[in-house]
Structure formats: structure tokens, C-alpha cells
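Okay, thanks for making time. I'd like to walk you through a few spots in this model, so let me put it up on the screen.

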Amino acid sequence: MESQKNTSQLVNKTSKSEEDEEEQCCANTSGEKNDKQEPSSPKQGDFSDPVYKEIAVANGAINRMSRDELRAKCAELKLDTRGVKDVLRKRLKNYYKKQKLMHSPAANGNSDVYFDYICVVDFEATCEENNPHDYLHEIIEFPMVLIDTHTLEIVDSFQEYVKPVVNPQLSEFCVQLTGITQKMVDEAKPFHPVLKRAVSWLQKKELGTKYKYTFLTDGSWDMGKFLHTQCKLSAIRYPQFARKWINIRKSYGNFYKVPRTQTKLICMLENLGMQYDGRPHCGLDDSRNIARIAIHMLKDGCQLRVNECLHSGQLRSVPNTTPIEGAPAPQTPKKRD
Ligand code: AMP
Ligand code: MG
């Protein structure tokens, strides 16, 4: 079988050459590795099955390959050859794992991504240069980008600007950073009606009813800070559907085993061999670029699990042993009593 042939070729190959210099777009200051792993793809398979020994042997061979060898192997297997060494390694390991498990009764086949859709959100908010500690950020752009996890494509997007009410005047710094002008927010609606329209957009897509979905953000601030603060300011109950999400920085660091210093948006893109497309700090462009990273990770075999949540207003990690479930259907936002 082609896949088995490829695996044995790989295992027999041992690199005697020195490993290439790591190609990194960001300084690896700490050298610290994050050992937490994305869950392995088999659904509670029998790990005593010899297939896992074979996977471990293939992984060992991949670990000994130079970057050029990794790229050549990816090319031979018709896999994407872009990305730094950590990325190429992970891509190859997942490829072989998938191939091995497909032919093994031990794992019950490979588990595909659980969600039908992943909704990327990247809020922009009022700010000042070196935001004072107690600065009250108000959301000024509400963008969403929807990924179909079956076709691995961006299928739709939503964008509205939002009128801030506590600090209606944008700082010059904020305008320069986000590209959002005073006129854009003056002409926008306040947060409550914008959230209502965002919810009806999600409802029309039948998310949480017909389809399983979850939210994905770049870091913890979008839900943990911006949405949480904004709901308080607008006297709206924090929406149930946004209580849990995927923080892609965590997923990326754990999956490709890179330190957190390499999980900034531009850095993640560059390490995957891509360039930022659009205007940085435009919420919609940020969301699209985050979606491109998520799609790349799904193609590389990452399961992308929910890993953060808000509990009584406090940010918490969701352990990867927690059973996967989709976000609840979005409900029209309710005012606080
Ligand atoms: P981002 O998603 O990186 O565009 O950031 C979201 C929001 O965080 C921005 O709209 C700002 O409110 C704030 N922010 C991001 N970068 C900075 C910065 N360098 N200085 C001050 N605030 C920032
Ligand atoms: Mg942004």
C-alpha cells in the first residue's frame, strides 16, 4: 500500500547531516517548549496496539530529519512544503499517524474535526497609547469570519462598526492603529443593536441548531476582556454562546510545540510560510488572517478544541480531557435586570 511504503521509507531513513538552523520569524528567547499536547486523534484507541509503536518509530525518524529533508518528504507526499521546521515536522507526523490509523482497527479510524463551523471573532476597541491600567475599552468593530471545517474554506463574514458611548471621541492613536475613523463610529449604532444583528446573522446560519460550531479568537482578550467589559457597560447579560472558545495562540503553541513568544498573529502566519493579507488591526482583516491560520492547522491535522472559558467573569482554561461540545444556539441579547 502506498502509505505503508512511504512510512517504511521514512523510518529507514536516518539523517546524518547536521540539523538546519531553525527558521524563525521571532526570537526564541526562552527556548521553553510547551509540552501540553492537543489530544491525539484516535478516539480512546487501544494504545497497546502495535500501530502506536510504529507511529512512535516514524516520529523518531521525523525528529532526526533536517528541514530540507522534511520539505523533500512533504513534496514527495504532495503535502504543503511551506513553514518552519516545527510546522513541517508536525505536518509529517500527522500525515503518518493518519495513514497508520486508517489501516488499524485499534483506533476506530481517525476522528475528524468535531465542529461543522468555526466562527472567528476579532474585536477592535477604543484605546490609548500605553493604555492606562484601568482604561475602559469599548468595542468599536464587531467582525466575524465563518470557516466551514468540511470544505476548509471561509464561507461568509460579518462586519459592523460600533459607536462607543463612554469615550465617544477616538484617540488619534486608536485611529492610526485600527484605521477606524471618527466618522465611522459616529455613523455606527451602539453595541446592543449591533450584537442583536450579529446574533441574527449567526441564527440564519443555523449555528447551534442544525450545525455544531464554536468561536475562535487570537488570545483571551476578545471574550475575556472586550466582550465582558462591553456587556457590563451596555447592561447586557454576557451571552451564553460566547462563554467558551478556542484561543488559537494556545492551540498553535501546543500543536506545533513552539513557545508562546511565537504565537503572535504575524509570527504564526510567517512560521506557516504565509504573509499577513490586508491591514493589521482592522478587525475583519485580522479575523480573516486568523481564519487562514486555523484552516492551515486543520489541514495539518490539528483537532482545534475549545480551550478557554469565562466562569463568573473569570477567565479559565478548559482541560483537553473535557468532552467536546458545540456552543449553544445564539439567543437575542438580554438586558440585565
Ligand atoms: P488587535 O486585535 O491586535 O488589533 O487588538 C485589539 C485591540 O486591542 C485594539 O483595537 C486596541 O484597542 C487594543 N490594542 C492592540 N494593540 C495595541 C497597542 N499597541 N496599544 C494600545 N492598544 C492596543
Ligand atoms: Mg484585531
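Start at Gln182, where a polar atom of the side chain lies 2.9 Å from the backbone oxygen of Pro168. Keep in mind that this is a predicted model. Gln182 itself is found in helix α6, which covers residues 182–186. Is Gln182 buried or exposed? It's buried, because its relative accessible area is 19% and the cut-off for buried is under 20%. If we leave aside the neighbours within four places in sequence, Gln182 is in contact with Pro168, Gln169 and Leu170.

Let me zoom out for a second. The protein has 11 helices and 8 strands. Of its 337 residues, 50% are buried. And if you take the contacts between residues at least 6 apart in sequence, 71% of them join residues at least 24 apart.

Now some helix packing, and I'll begin with α4. Helix α4 runs over residues 85–102, and helix α3, residues 67–76, packs with it at an angle of about 40°, their axes 10 Å apart. At that angle, α3 and α4 are therefore oblique to each other. The crossing of these two, α3 and α4, is left-handed. On the α3 side the contact is made by Arg67, Leu70, Arg71, Lys73 and Cys74, and on the α4 side by Lys85, Leu88, Arg89, Leu92 and Tyr96. How many residues of each class does the contact of α3 with α4 have? There are 5 nonpolar and 5 charged, and no polar ones.

Let me stay with one residue from that contact, Leu88, which lies in α4. Leu88 counts as buried, because its relative accessibility is 0%. Leaving out the neighbours within four places in sequence, what is Leu88 in contact with? The list is Arg67, Leu70, Arg71, Cys74, Asp80, Thr81, Arg82 and Gly83. For a long-range distance, take Leu88 and Asn271: they're 183 residues apart in sequence, and their C-alpha atoms are 10.0 Å apart in space.

Helix α4 also packs with α2, which is residues 50–63; here the angle is about 160° and the axes are 10 Å apart. That makes α2 roughly antiparallel to α4, since the cut-off for that label is over 145 degrees. The crossing of α2 with α4 is right-handed. From α2, the contact takes in Val51, Tyr52, Glu54, Ile55, Asn59, Ile62 and Asn63. From α4, it takes in Arg89, Leu92, Lys93, Tyr96, Lys97, Lys100 and Leu101. By class, the contact of α2 with α4 comes out at 7 nonpolar, 2 polar and 5 charged residues.

Next helix pair: α9, residues 248–256, and α11, residues 283–299. They pack at an angle of about 35° with axes 11 Å apart. The crossing of α9 and α11 is left-handed. Here α9 puts in Ile248, Ser251, Tyr252, Phe255 and Tyr256, while α11 puts in Ile290, Ile293, Ala294, His296 and Met297. What about charged residues in the contact of α9 with α11? There are none: the split is 8 nonpolar and 2 polar.

Last topic, backbone angles. Most residues other than glycine have a negative phi. So here are two residues to look at by eye. Lys257 has a phi near 55°, a positive value in a residue other than glycine. Lys257 is found in the loop between α9 and α10, and it is partly exposed, with a relative accessible area of 25%.

The other residue is His281, with a positive phi near 75°. His281 is in the loop between α10 and α11. His281 is partly exposed too, with a relative accessible area of 36%. Which residues is His281 in contact with, leaving aside its neighbours within four places in sequence? Those are Glu124, Leu177, Thr178, Tyr276 and Asp286. Thr178 is 103 residues away from His281 along the chain, yet the two C-alpha atoms are separated by 4.8 Å.

That's my tour, and I'm happy to rotate to any of these spots again.

Conventions:
Residues are numbered from 1 along each chain as its sequence is written. Chains are lettered from A and ligands numbered from 1 in the order in which they are written. This is a predicted model: local features need pLDDT of at least 70, side-chain atom pairs count only at pLDDT 80 or more; totals for chains, interfaces and linings use all residues. Side-chain values use heavy atoms; hydrogens and water are left out. Axes are lines fitted to C-alpha atoms, for helices over the stretch in contact, and angles run from 0 to 180 degrees between N-to-C directions. Helices (H or I, at least four residues) and strands (E, at least two) are DSSP runs, numbered from the N terminus. Angles under 35 degrees count as roughly parallel, over 145 as roughly antiparallel, 65 to 115 as roughly perpendicular and the rest as oblique. A crossing is left-handed if the near helix is turned anticlockwise from the far one by less than a right angle, and right-handed if clockwise. Contact means heavy atoms within 4.5 Å. Ala, Val, Leu, Ile, Met, Phe, Trp, Tyr, Cys and Pro count as nonpolar, Asp, Glu, Lys and Arg as charged, and the others, Gly among them, as polar. Buried means under 20% relative accessible area, exposed over 50%, partly exposed in between (1.4 Å probe, protein chains only). A polar contact is a pair of N or O atoms within 3.5 Å; within protein, one must be able to donate a hydrogen and the other to accept it, and residues adjacent in sequence count only if both atoms are side-chain atoms.
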